[in-house]
Amino acid sequence: KCADEFKFLCDFLTSDDGKKIKISQDTFALFDDVNKSIGMFNELFFNFSVDKAKEFGAHRKKVMKEGFELLKKKKDDEKIVVHYLINIESMVFDMFGPYMALVL
């Protein structure tokens with residue numbers, strides 16, 4: 001499902017409407033943070049530690065806060081990009097719950 005969201009985001013960005021979007025540095029920074037979350041989840045999956053899990057949770061809070069603030073201030077179609085990134089972040093964190101149930 002996460003990969004599908006990335007695909008939908010790419011489809012949007014390569015559409016006629018998406019090609020007109022000028023993506024700001026703070027939206028690129030959010031994209032980088034979402035990718036960092038995926039890397040953190042991967043690391044937790046293969047090498048679990050409670051400290052890493054806490055760091056992952058704190059990172060998620062930061063990313064979601066930044067994402068919602070960007071939604072408030074962005075205009076037009078760039079909001080759609082931010083929305084996709086928030087969705088991906090949520091999905092990555094949603095995978096963490098079932099994994100925790102297996103680990104603990």
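Helices here are DSSP runs of H or I with at least four residues, strands are runs of E with at least two, and both are numbered from the N terminus. With that settled, Lys74 can be placed in the loop between α3 and α4.

A word on the source. This is a predicted model, in which local features need pLDDT of at least 70, side-chain atom pairs count only at pLDDT 80 or more, and totals for chains, interfaces and linings use all residues. Residues are numbered from 1 along each chain as its sequence is written, and side-chain values use heavy atoms, with hydrogens and water left out.

Back to Lys74. Is Lys74 buried or exposed? Its relative accessibility is 11%, so Lys74 counts as buried; buried means under 20% relative accessible area, exposed over 50%, and partly exposed in between, with a 1.4 Å probe and protein chains only. Beyond its neighbours within four places in sequence, Lys74 is in contact (heavy atoms within 4.5 Å) with Ser24, Asp26, Thr27, Lys79 and Val82. Take Thr27: it is 47 residues from Lys74 in sequence, and the C-alpha atoms are 9.1 Å apart in space.

Now the charges. Side chains of opposite charge can pair when their charged atoms come close. A salt bridge is a side-chain nitrogen of Lys or Arg within 4 Å of a carboxyl oxygen of Asp or Glu. How many salt bridges does the structure hold? There are six.

One of them joins Asp26 and Lys74, with the closest N and O atoms 2.8 Å apart. Asp26 lies in helix α2 (residues 25–46) and Lys74 in the loop between α3 (50–73) and α4, so this pair ties together parts 48 residues apart in sequence. Asp26 counts as partly exposed, at 27% relative accessibility.

Another salt bridge pairs Asp33 with Lys62, where the closest N and O atoms are 2.9 Å apart. This pair also links distant parts of the chain, with Asp33 in helix α2 and Lys62 in helix α3, 29 residues apart. Asp33 is buried at 13% relative accessibility, while Lys62 is partly exposed at 37%.

Lys52 and Glu43 form a salt bridge too, the closest N and O atoms being 2.8 Å apart. Asp26, Lys73 and Lys74 are joined into one network by salt bridges that share partners.

Next, a charged residue without such a partner. Glu89 is placed in helix α4 (residues 78–103). Which side chain of opposite charge is nearest to Glu89? The answer is Arg60, 5.4 Å away, and Glu89 is buried yet has no salt bridge. For this, Lys and Arg count as positive and Asp and Glu as negative, while His and the chain ends are not counted. Glu89 does have a polar contact of 2.8 Å, side chain to side chain, with Ser37. A polar contact is a pair of N or O atoms within 3.5 Å; within protein, one must be able to donate a hydrogen and the other to accept it, and residues adjacent in sequence count only if both atoms are side-chain atoms.

Last, helix α1. In α1, the buried residues include Cys2, Glu5, Phe6, Leu9 and Phe12. They cover an arc of only 120° around the axis, which puts them on the same side of α1; the arc is that of the directions from the helix axis to the C-beta atoms. On the other side of α1, Ala3 and Thr14 are exposed.
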